[in-house]
Amino acid sequence: MKYICDICGWIYDEELGYPEEGTAPGTKFEDLPEDFLCPLCFVGKDQFSEV
């Protein structure tokens with residue numbers, strides 16, 4: 001599953017994770033920490049939509 005930032009368009013892909021910040025491939029979006037921020041525009045998880 002993929003999630004897109006509604007503000008800047010950055011995509012979090014659960015298959016890829018986000019290794020640059022220590023998030024392993026296969027990590028579900030719902031399992032990201034509550035304080036996760038978009039790496040480009042720094043908004044919270046509530047500003048993401050399922051693709």
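The following exercises, each with a worked solution, concern a predicted model.

**Exercise 1.** Determine how many disulfides the structure holds, and explain the result for cysteine 8 and cysteine 41.

*Solution.* Begin with the cut-off, which is that two cysteine sulfur atoms must lie within 2.5 Å to be a disulfide. For cysteine 8, the nearest cysteine sulfur belongs to cysteine 38 and is 3.6 Å away, and cysteine 8 is in no disulfide. For cysteine 41, the closest cysteine sulfur is that of cysteine 5, and because the distance is 3.6 Å, it is too far for a bond. The structure as a whole holds zero disulfides.

**Exercise 2.** Decide whether cysteine 8, cysteine 41 and tyrosine 3 are buried, partly exposed or exposed.

*Solution.* Recall that buried means under 20% relative accessible area and exposed means over 50%, with partly exposed in between. Cysteine 8 has a relative accessible area of 36% and is therefore partly exposed, and cysteine 41, at 24%, also counts as partly exposed. Tyrosine 3, with 15%, is buried.

**Exercise 3.** Describe where tyrosine 3 is found and which residues surround it in the fold.

*Solution.* First, place tyrosine 3 in strand S1, which covers residues 2-5. Next, look beyond its neighbours within four places in sequence, where tyrosine 3 is in contact with residues including Trp10, Tyr12, Phe29 and Phe48. Phenylalanine 48, in turn, is in contact with Phe36, Cys38 and Val43, among others. Finally, note that Tyr3 and Phe48 both belong to the largest nonpolar core, which has 11 residues in all. In soluble globular proteins, nonpolar side chains tend to be buried together.

Key:
Residues numbered from 1 in each chain as written. Predicted model: local features only at pLDDT ≥ 70, side-chain atom pairs only at ≥ 80, totals over all residues. Heavy atoms only, no water. Buried < 20%, exposed > 50% of the residue type's maximum accessible area, 1.4 Å probe, protein only. Helix = DSSP H or I, 4+ residues; strand = E, 2+ residues; numbered from the N terminus. Contact = heavy atoms within 4.5 Å. Core = buried A, V, L, I, M, F, W, Y, C linked by side-chain atoms within 4.5 Å.
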